[in-house]
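Student: I've got the sequence and the model open, and I'd like to know what stands behind the labels. Can we go through them one by one?

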Amino acid sequence: MPSKNSKIVTEGDPLAHVMAPPPNETEEQREARLAAEAEAKRISDAIDEELQRQAKAEKRGPKPVKILLLGQSESGKSTTLKNFQLMNTPKAFRAERASWRAVVHLNVVRSIRVILEAMAEAQAYHASTYSSPNTPIRTHAPDLFHAASGSSLNRDARSQHPPLTAEHLKLKLRLSPLVQVEEALIRRLTPAGSGEVEATQLLSISGGASHADRARALDREVAVNSQFAWKGVFHKMIGRNSSDGDADYSDPDPVTDAGGDRSQDPSRILHACAEDMITLWNDPVIKALLRAQGIRMEDMPGFFLDSIARVTHPKYIPTDDDILRARLKTLGVSEHRFTIKEVFAGGISRDLRIYDVGGHRSLRAAWAPFFDDMNAILFLAPLSGFDQVLAEDESVNRLEDSVLLWKSICSNQLLGKTNLILFLNKVDIFRAKLKAGIQFGQYIISYGNRPNDYDNTSACADVLLPLYLRNGHEVDVERAAGQEAPAGAIPPAAAKY
Ligand SMILES: Nc1nc2c(ncn2[C@@H]2O[C@H](COP(=O)(O)OP(=O)(O)OP(=O)(O)O)[C@@H](O)[C@H]2O)c(=O)[nH]1
Ligand SMILES: [Mg+2]
């Protein structure tokens with residue numbers, strides 16, 4: 001019989017009430033209950049013990065190695081991460097192929113928009129020279145044009161704008177359905193109402209917007225917060241609709257999209273526009289027009305114009321190289337875990353965590369909280385940025401921004417014990433720019449009139465040590481904290497930096 005006291009406790013405590021033995025329990029039942037309780041306690045204690053053992057082992061074992069990827073926007077942080085995923089977790093990397101298809105399509109649409117904007121610019125120029133021969137001259141191409149950024153479009157260059165024919169204008173009109181493609185893909189890429197996407201529409205080009213508005217609109221690009229499971233969204237969507245072998249993005253919801261009408265599906269519209277896009281891109285007048293405006297499409301991030309037929313094919317699935325080339329701006333910070341075998345430590349497994357961040361100026365404040373917990377920082381500085389300006393501030397040369405950013409990283413107190421690795425990349429674009437005749441000395445004043453070839457521009461320490469950039473800023477790029485990258489970690493050009 002329960003005592004008077006225990007009855008009081010039971011009444012006040014619902015758990016005790018549930019756990020209390022039945023009031024009319026027999027001696028046999030009591031023994032069975034006590035045995036069951038003892039067994040449950042034994043199992044629970046064993047689990048606790050195992051958890052404690054694991055916690056102790058984790059404390060004793062090697063800590064995960066943490067690497068933070070840093071650098072300005074478009075410096076190649078996410079691409080470096082993708083390369084790492086491809087090397088270490090190829091299965092997982094390839095499992096996401098289908099999701100990258102939408103990003104490749106967005107990149108194609110954006111490239112076409114750049115061309116259409118260049119055509120609009122030429123039209124506006126020719127119209128204004130007829131009406132007013134003294135039209136003001138734009139001195140800086142908007143950063144949208146990337147490779148052209150920072151170059152001057154003088155009156156001579158603009159007068160070389162080849163006139164467009166009626167055929168060109170028809171082509172431009174026929175490509176207008178790409179507005180829908182971009183809108184639909186962007187809607188899919190981001191959570192409703194998140195406001196995270198900086199999307200633009202073709203409408204703003206063809207509408208009556210001012211040049212400045214159009215340039216500003218085109219300057220923005222699609223970004224996605226790394227926390228949002230956009231890959232999963234596309235994967236499911238494509239999987240659901242690929243029963244006929246065509247991978248499209250059809251949405252069964254008639255409100256949010258074309259519903260059952262698959263002819264309005266973004267991938268189908270893109271496929272239908274493929275021939276016109278190819279004609280536009282291969283047109284000699286358009287090529288001359290882009291040249292006159294200093295636009296080098298092939299150096300822009302997410303360049304797929306040479307593969308339009310392939311990437312707009314209904315059965316297109318991105319290759320490894322396509323995924324590496326696809327451009328999607330990063331927002332937020334994401335952690336990626338790998339287990340690697342250490343080559344020089346008897347092949348023991350080691351946990352590696354790589355952190356990818358957004359490099360846009362407005363996102364750099366989010367970097368600092370990660371500083372004191374990192375083993376290494378891999379800083380990416382694209383060499384190819386010597387003739388470009390930042391998208392977020394047209395007065396700042398990209399190479400100068402990289403140098404200043406690197407300096408501030410080297411001198412940061414929180415990073416005193418962190419390994420710093422400087423990685424000069426986009427060397428292929430750097431070489432292509434030199435080969436195309438873009439003068440290094442025009443932007444890096446101290447370089448003077450020396451030969452504009454790769455060996456000289458990259459080998460001469462004077463080129464990158466005291467940097468006298470075009471905007472008049474003197475930039476000192478000594479290795480500020482005396483930090484040295486581990487041997488072999490930097491490409492040859494970086495060693496000379
Ligand atoms: N040709 C060439 N392209 C590169 C190289 N590294 C990166 N890219 C391309 O440059 C573009 C931008 O690279 P991302 O990795 O997205 O740049 P990011 O530093 O992550 O940029 P944010 O996310 O805006 O901070 C992508 O289209 C890449 O494919 C390179 O060495 N050569
Ligand atoms: Mg990124």
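Tutor: Sure, starting with the ligand: helix H4 gives the most to the shell around ligand 1, with three residues. A bit of housekeeping: this is a predicted model, where local features need pLDDT of at least 70, side-chain atom pairs count only at pLDDT 80 or more, and totals for chains, interfaces and linings use all residues. Residues are numbered from 1 along each chain as its sequence is written, while chains are lettered from A and ligands numbered from 1 in the order in which they are written.

Student: What makes a residue part of the 22 around ligand 1?

Tutor: A residue is near a molecule or strand if its C-beta atom, placed from the backbone, lies within 6 Å of it. Of the 22 residues around ligand 1, Gly76, Ser78, Pro301, Thr330 and Gly359 come nearest.

Student: Which helices and strands each supply at least two residues of that shell around ligand 1?

Tutor: Helix H4 (77-88), helix H16 (320-325), strand S3 (329-331) and helix H18 (427-435) do. Those names are DSSP runs numbered from the N terminus, with helices being H or I over at least four residues and strands being E over at least two.

Student: How many residues of the shell around ligand 1 are polar, and what counts as polar?

Tutor: The shell has twelve polar residues, next to seven charged and three nonpolar. Ala, Val, Leu, Ile, Met, Phe, Trp, Tyr, Cys and Pro count as nonpolar, Asp, Glu, Lys and Arg as charged, and the others, Gly among them, as polar.

Student: Which domains does the shell around ligand 1 draw on?

Tutor: Domain 2 (65-90 + 334-495) and domain 3 (96-325) each give at least three residues. The bounds come from an automatic or database domain assignment.

Student: Why is Thr330 called buried or exposed?

Tutor: A residue is buried if 20 or more other C-beta atoms lie within 10 Å of its own, exposed if 12 or fewer, and partly exposed in between, with C-beta atoms placed from the backbone. Thr330 has 21 within 10 Å, so buried is the word. Thr330 sits in strand S3, and UniProt gives it the feature "binding site" in an unreviewed entry. UniProt positions follow the numbering used here, feature names are shortened, and annotations may be inferred rather than shown by experiment.

Student: Where is Lys426, and is it buried or exposed?

Tutor: Lys426 lies in the loop between S7 and H18. Its count is 21 other C-beta atoms within 10 Å, so Lys426 is buried. Lys426 also has a phi near 55°, a positive value in a residue other than glycine.

Student: Which other residue has a positive phi although it is not a glycine?

Tutor: Glu74, at about 70°. Glu74 is in the loop between S1 and H4, and its 26 C-beta neighbours inside 10 Å make it count as buried.

Student: Why is Gln413 called buried or exposed?

Tutor: Gln413 has 7 C-beta neighbours inside 10 Å, so it counts as exposed. You'll find Gln413 in the loop between H17 and S7.

Student: Why is strand S7 described as largely enclosed?

Tutor: Five of the seven residues of S7 (residues 419-425) are buried, so the rest of the structure largely encloses it.

Student: How do you know that strand S6 and S7 pair?

Tutor: Two strands pair if DSSP finds at least two bridges between them. S6 (residues 376-382) and S7 have seven, in the parallel sense. One of these links Ile377 to its partner Leu420 in S7.

Student: And what makes the β-α-β unit right-handed?

Tutor: A crossover is right-handed if, with the strands pointing away from the viewer, the path from the first strand over the helix to the second runs clockwise. S6, helix H17 (residues 398-410) and S7 make a unit of that hand.

Student: In which sense does strand S5 pair with strand S4?

Tutor: S4 (residues 334-341) and S5 are antiparallel, over eight bridges, and Tyr355 in S5 is the bridge partner of Glu335. Strand S1 (residues 65-70) runs parallel to S5 (residues 349-356), joined by four bridges.
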